[in-house]
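Hi everyone, thanks for coming along. I'd like to walk you through a structure that is probably new to most of you, so let's put it on the screen.

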Amino acid sequence: MKVRKVLEKGAGLVRFGLLVGIGFIILYPLLRQLSAALMHPDDMYDLTVNWIPRTLTKMNFQVAWELLDYPKALTNTLGITILLAALELGATMIIGYGFARWKYPGSNIIFALVILSIVIPPQMVMVPLFLNFRYFDLFGLLPDPGINLIGSFWPLVLMALTGTAKRSGLFIFITRNFFRGMSTSLEEAAYVDGAGHLKTFFGIMLPNAKPVAMIVFLFSFVWNWNDLFYTNLFLPGSKLLQIGLSTINAQYNYPWANKAVEGTYIQLVNNAGMLLYVLPVLVLYAFLQRYFIESIEKTGLVG
Amino acid sequence: MRRFKLSLRAQKALLGVLFTLPFILGFAAFLAYPFFQSVIFSLSKLSIVSTGYELDFVGLDNYRHALLVDPRFRQVFVETVVGMAARIPVILIFSFFAANLLNQRFRGRMLARVVFFLPVIMGAEISLKMQQADYMQQAVSFSESGLLPLSVLQELLLSLKLPLAFINFIFAAINEIPLIIRSSGIQILIFLAALQSIPKSLYEAAHMEGATAWEAFWKITFPLISPLMLVNVVYTIVDSFTAPDNALLELIQNAAWTGAGFGVSTAMSWIYFAAILGILAVTFILLGREVHYES
C-alpha cells in the first residue's frame, strides 16, 4: 500500500517534469521574443544580460509601431482576414451541406476531389495561378491581355468563395461530417410546413450549425492571419502587417551614433514587431481557447 | 402554364449540384486548370511578353536541368525527403505519447492543453520567423544558445570515447526536439480525442478478466486508435510538404522568381510531388494492413 503511494507520487512528479519541459520548449521563442522586445540596446552587448533586460524600455515597440504604421496595417489585416474567414465560412457551409444531403451522379468523385485539394500543395500551382490572375481573362471571355488582379484582394476572395483557399477542403470535410450527423427530422418537419430547400437551409440548418460554424470561422481566421504565402504572392507591397514585417529592415534608417549598435538594433525592433503581429491572435486564443481545443471532438473526425 | 416538373430524384440531384457548384467551379479554375498548366509549364520554356506569356515546348529539358544542371537541387531534394521520412515516425510517437500524458487526470490539465495547442495557433510561418529573429538576437548577445549547456554534454560524450557518428546523431536529435514538438499540435489533438472516445467499460471488462495495463494498451487502445494513426501520418506528410521552413520549397520558389525560371521551377515541384505521392502510397500499403476498422 505504501509502495503504491510512493509510486504514484513519483509518476506525478515525472509527469509534471515532462509537461513543464515540453511547455517550456513551446513557449521558448515567445519568451525570448518578449525579452528582446523589452531590451534596451545597451543590454545587447552586456554579457551578464541573458533573459531579463537590465533596462526595460518601450522604445522598441514605439519604433516598430511607427515602421509598421501599426494602426493602419492592423486595420487592413484585420479587415481582410475577417472578410476571408466569413466568405470561407459561408462557402464551406453551403458546399458541405450539399455533400452531406444530396447525392448525384459523380458526387463521390467530386468529394474525393475535395480531399485531393487538401493534399495538393499550393506551391505546386503557384506559378500558373499567379500568371492566371496576372492576366485574368475569365477563360477567354475578356479581351486578350486580361486584367491584372495581382495587388487586389480579388484572387483571395475568389478562392475563399469557391472553397479552394488554403485548407478550405478541410473545412468542407468538417461541415459535411457535421451535417451528416444531424438528424433529417428537422428538415422534414420544415418541408411538411411548406418551407423550400433554401429557406430550410438558411432558416433551420444554419442556426443549428453554430458550433461547427464557430470552429470553421476561428480556424479560418487564424490561418488566414498567419498566412504569408498567399499574401506575398497576390498582394506584394501592400500595407498589411505580414508584408510590413518582412520589409521592416529595409525601412529603418539608423539614427544611432554608435555604429556597432546601429546594425543590430533592428533585431530588437523586429522582435517587438513580431509580438505586435501575433498579439491579436494570442488575445483571441486567450478568450476562446475552449473552442479551439474541443474542436476536434465536435467535428466528427473521431468516431 | 403548366409547371415543369422534375422527378424527385432529379430534383435532389439538381440541389446537390447547386450547393456544391461553387467548389466544382473553384476546383476547375484554381486547382485543376493550374495543375494541368503546370504539367505543360514543366515541359516548356516560359517567357513573359507584353501581351501575357509565351510557351516554347522543350520536352524534358527542364527536368534534365533540375536533376543534372542545378547545383543544389539533388542534394536538397534528398535531404528534405529523407529528413521528412525520418521525422514522421518521431512526430507520431511523440504526439501519441503527449496525448496520453494530457489524457490523464491532474491539476492544471487545462493549462497544459492550452500550451500544447499553442503551435497550431501561432502557425509554422510565424514560429519560423520568430526562431530566425531569435537566432540573430542570440548571435548578437553571445548568450548560451541551447536549452541545455550542450557544450558540456558534448565534452562528456567525447571523453567517454563514444563513436563520433553516435555523438553526431544524438546532437542532431536534440536539435530536432523543438521542431518535433512544434509540429505535433494537431496530431496530439486528434489522438487525444480518439483516446477519449474509447469507452471506459472496455478497460473495466479487460481488468475483470485479469488483463494487465500493458495488455489492455495493446489489445484495446492501440487497435481502436489505429485508423487515426493513418489520418495523422497523412496529415504529417501533407503538413511538412507545405511547411514554410522546407528548404526544398524555398529552392523551388527562388528558382521561379529569380533563378532558372518558371519552367524549371515547376519541373522541380513535379519531381517533389511524385516523391510525396510515393511516400503516401508506401505508408498506405504498410499501415493499411495494421489499421483496424469498426464496421
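Before we go in, one definition that I'll lean on: a residue counts as buried if 20 or more other C-beta atoms lie within 10 Å of its own, as exposed if 12 or fewer do, and as partly exposed in between. Please also keep in mind that what you see is a predicted model.

Let's use that definition right away, on Asp69(A). This residue sits in the loop between helix H3 (59-68) and helix H4 (70-101) of chain A. Its phi is positive, about 55 degrees, although Asp69(A) is not a glycine. Most residues other than glycine have a negative phi. So is Asp69(A) buried or exposed? Neither, quite: Asp69(A) has 14 other C-beta atoms within 10 Å, so it is partly exposed.

Chain A has another case for us. Arg167(A), also not a glycine, has a positive phi near 60 degrees. You'll find Arg167(A) in the loop between helix H7 (154-161) and helix H8 (168-181) of chain A. Here the count is 20 other C-beta atoms within 10 Å, and therefore Arg167(A) is buried.

Let's follow the chain into that helix. H8(A) packs with helix H11 (residues 210-226) of chain A at an angle of about 175 degrees, and the two axes are 10 Å apart. That angle is why we call H8(A) roughly antiparallel to H11(A). Which residues meet there? From H8(A) come Phe171(A), Ile174(A), Thr175(A) and Phe178(A), and they meet Val212(A), Val216(A) and Ser220(A) in H11(A). By class, this contact has five nonpolar residues, two polar ones and no charged ones.

Now over to chain B. Its secondary structure comes to twelve helices and two strands. Reading from the N terminus, you pass one helix, then the two strands, and from there on helices. Of the 295 residues in chain B, 29% are buried. Looking at contacts in chain B between residues at least 6 apart in sequence, 72% join residues at least 24 apart.

How do the two chains meet? The contact takes 76 residues from chain B and 73 residues from chain A. On the chain B side, helix H1 (residues 8-42) gives the largest share, 20 residues. That side of chain B has 50 nonpolar, 20 polar and six charged residues.

Next, the inside. The largest nonpolar core has 118 residues, and Phe117(B), Ile121(B), Phe191(B) and Met268(B) have the most contacts inside it. The helix that gives the most to this core is H15 (residues 259-293) of chain A, with 13 residues. If you zoom in on Phe191(B), you'll see that it touches Ser95(B), Phe96(B), Ala99(B), Ile225(B) and Leu228(B), leaving out residues up to four places away in sequence.

Finally, how far can we trust the picture? The model scores ipTM 0.82 and pTM 0.83. For chain B the mean pLDDT is 79, with 84% of its residues at 70 or more. Among the elements of chain B, helix H9 (residues 200-208) has the highest mean pLDDT, 90, and helix H5 (residues 124-141) the lowest, 58. Over residues 139-148 of chain B the pLDDT is below 50, and this stretch has eleven contacts in the model beyond near neighbours in sequence. Where pLDDT is low, the predicted coordinates should not be read in detail.

Thanks for listening, and I'm happy to take questions.

Definitions and conventions. Residues numbered from 1 in each chain as written. Chains lettered and ligands numbered in written order. Predicted model: local features only at pLDDT ≥ 70, side-chain atom pairs only at ≥ 80, totals over all residues. pLDDT = per-residue confidence, 0-100. Helix = DSSP H or I, 4+ residues; strand = E, 2+ residues; numbered from the N terminus. Contact = placed C-beta atoms within 7 Å. Nonpolar A, V, L, I, M, F, W, Y, C, P; charged D, E, K, R; others polar. Core = buried A, V, L, I, M, F, W, Y, C linked by C-beta atoms within 7 Å. Axes fitted to C-alpha atoms, helices over the stretch in contact; angles between N-to-C directions. Parallel < 35°, antiparallel > 145°, perpendicular 65-115°, else oblique.
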